[in-house]
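Q: Could you take a close look at one part of this model for me? I'd like the details, told as one connected story.

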Amino acid sequence: MSSNSGAHSPVKTTGLHIGEAVPGVAKVDPIIIADNVTRTFGGLKAVDVEHVEIPRGAITALIGPNGAGKTTLFNLLTGFDKPDTGTWTFDGTRLNGVPAFKVARMGQVRTFQLTKALGLLTVLENMKLGAQKQTGENMFASLIKPLWRKQEGEIEERAMEILARFKLDTKKDDFAASLSGGQRKLLEMARALMSSPKLVMLDEPMAGVNPALTQSLLDHILNLKKEGMSVLFVEHDMHMVRHIADWVIVMAEGRIVAEGDPESVMQDAAVIDAYLGSHQDVDLGVVTGRVSGENTAGVEDLLADIEAEVGLTDSSAYIADTNTDTQEEDTK
Amino acid sequence: MDWEAILSNTASWLISPETIAYALAALGLAVHFGYGGLLNFGMAGFMALGAYGYAISILTFGLPWWAGIIVGMLASVVFAFILGIPTLRLRADYLAIVTIAAAEIVRLLFTTQVFDEVTNSADGLGNYHEGFRAANPFPEGTYGFGPWEYNANGWWVRIFGIGLLIVAALLVWLLMRSPWGRVLKGIREDEDAVRALGKNVFAYKMQALIVGGVFGALGGVVFALPSAVVPSVYVTSLTFFIWTILLLGGAATVFGPLLGAVIFWVIMGFLSNVLPAMASSGLLPFMSTTQAATLRFILVGLALMLIVIFRPQGILGNKKELTFVKQ
Ligand SMILES: Nc1ncnc2c1ncn2[C@@H]1O[C@H](COP(=O)(O)OP(=O)(O)OP(=O)(O)O)[C@@H](O)[C@H]1O
Ligand SMILES: [Mg+2]
């Protein structure tokens, strides 16, 4: 399928921003522009984004420690949750108060961190459900099959095409509930593509997917860009972010603390504090144990350093604090 | 014990108006719960509206019988909107609570003295049969064979009811094989996922609530056709009988509710004959014949529990299709 397999370096899209790459930097061609978006849960400010723009036609990674507010921001942007304040536009249309299903119809589709395969529908039915503007989805038209038979055939053809790309075509008649966790992730992504979206938002698409499958997932995401879609994805594994992202946005405690291309973001002091401690050479995948670590000594160091660093730098003390909590949880 | 009479009485339940009425209501519940995942515990309310809508239209407003049926259906549509608009945006369990309460409110409104002139309160309504019987195409007289021997009116009610049931089952089959049904089943599985695919989940749930509710109302009409409308019929236990039938036959199937209704009423008919007979011939000590007759309701409750535990998908359900344990 893809000759541009992830083993070789994919072509990065550059020249996305205008001016210096600071948090909230303007983009040449933004697909989403959000202003003053906040969301509090009780006393906790889960999202507090002053300004952010997501570039069009590029792969943007949203990273940050656990609880940074990434999923909450996804929910707000897609209409699954309502913000306390803020405005945002998608493709030039204001989305405040627009219900989730209308957001999806505009071409902004998402997947969920906790996979939502429709278990008691077959894989093929899952796929067909993703197609838009189906005549047969009207209750009255649905009673008369000739009205929708032809469209149904076209949808099925397209579904099989995408399923084949995701190597799920042999499973088409199985209940989605019988798929493995990784296969469900693939199905959810494949299903989202049925609507020919403009922007695909993936919440941790690689979590729980085995390394062999990860490679093909990465290829799929790169392919989306080739087909002209924009991608925004949340990911904890720095390997992958560095590998496929054209742009990286870093969140911590609800705020955007850094932005830039992957290489420079990894060197950004704020990110290093927020996310990697002082060991940017240590991959977070190793820290969380996802990538088997040749770097075990480095990881030990990192954990120790983070512990020691709490409260040292005043501007980022709270960030380091969060990070420490997370790490402690991981070691428990 | 007179086994011949017992078996003959039992067999007559096969095509009794009650069986047909319960099958219609169970089919409505299949649309709600089996396909749409809507926990409607107010089917008795929909049935009451169908029955009263029919009877009141004829008695108070002098409408023809067929217009009475349409009024009953419209009443259930209004009821579906009243229930659905505030609750369908909330979690599934809210609908369950609201429907069970709303159905009770409906029954109490029909029971109360306040509207006595129209509803005849607790005594209920009768003598609205003229129009329906005048439309009877069957010749006078009693005919049939074996346990199924009825007069012209008896046949007319049964054939009309079975006709409605066939149309309803056909509609459900057409709906559920279509993309509309696919969206509805998707909503049953995970409504947020369906929302993320650009479907107006609320509209689909509302449509399902209306379709199933109208079938419930038609069940109420068929129940009222041969006899009378009495408010004490439309109690919560009626709703649970419908649930038993649905789960017995298979919730996400077209023929499950029909099979479930037949099995339910045949067994109920059998027990209501055999238990008192056993009691009077001394086989059930410590029990009077009336006590023995009520024993069947206990057995129904037991059966419901056993089905849910050992065969949650029902008799006709695909083993994998509907389990209560979601992974
Ligand atoms: N529905 C909710 N009610 C209360 N608090 C919530 C809710 N949703 C999220 N939060 C809180 O908001 C904060 C941000 O959560 P969010 O899920 O957005 O984090 P995240 O960045 O996606 O983290 P992760 O990487 O672990 O997925 C967390 O502190 C979380 O506890
Ligand atoms: Mg998250």
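A: Here is a walk through chain B, with a short stop at the magnesium site afterwards. Keep in mind that this is a predicted model.

Chain B is built from 14 helices and 2 strands. Its C-alpha trace covers about 60 × 50 × 40 Å along the principal axes. For 327 residues, a compact globule would come out with a radius of gyration near 20 Å, and chain B has 20 Å, so the two agree. As for the inside, 54% of the 327 residues in chain B are buried, that is, under 20% relative accessible area. The contacts tell you about the fold too: of those in chain B between residues at least 6 apart in sequence, 73% link residues at least 24 apart.

Now the outside. Chain B has an accessible surface of about 13900 Å², and carbon and sulfur atoms account for 69% of that. On the charge side, chain B carries 17 positive and 16 negative side chains, with the centres of the two sets 16 Å apart.

Finally, the metal. The magnesium ion (ligand 2) takes its protein donors from A:Thr71 (OG1) and A:Gln113 (OE1), at 1.9 to 2.1 Å. A:Thr71 sits in helix α1 (residues 70-77) of chain A, while A:Gln113 is in the loop between β6 (108-110) and α3 (123-129) of chain A, so the pair ties together parts 42 residues apart in sequence. A:Thr71 is partly exposed at 26% relative accessible area, and A:Gln113 is partly exposed as well, at 34% relative accessibility.

Note on methods
Residues are numbered from 1 along each chain as its sequence is written. Chains are lettered from A and ligands numbered from 1 in the order in which they are written. This is a predicted model: local features need pLDDT of at least 70, side-chain atom pairs count only at pLDDT 80 or more; totals for chains, interfaces and linings use all residues. Side-chain values use heavy atoms; hydrogens and water are left out. Donors are N, O and S atoms within 2.8 Å of the metal (3.2 Å for Na, K and Ca); water is not among the atoms, so sites may look incomplete. Helices (H or I, at least four residues) and strands (E, at least two) are DSSP runs, numbered from the N terminus. Buried means under 20% relative accessible area, exposed over 50%, partly exposed in between (1.4 Å probe, protein chains only). The radius of gyration is taken over C-alpha atoms; the globule rule is 2.2 Å times the number of residues to the power 0.38. Contact means heavy atoms within 4.5 Å. Accessible areas come from the Shrake-Rupley method with a 1.4 Å probe; for residues, only the protein chains shown count as cover. Lys and Arg count as positive and Asp and Glu as negative; His and the chain ends are not counted. The place of a charge is taken as NZ of Lys, CZ of Arg, CG of Asp or CD of Glu.
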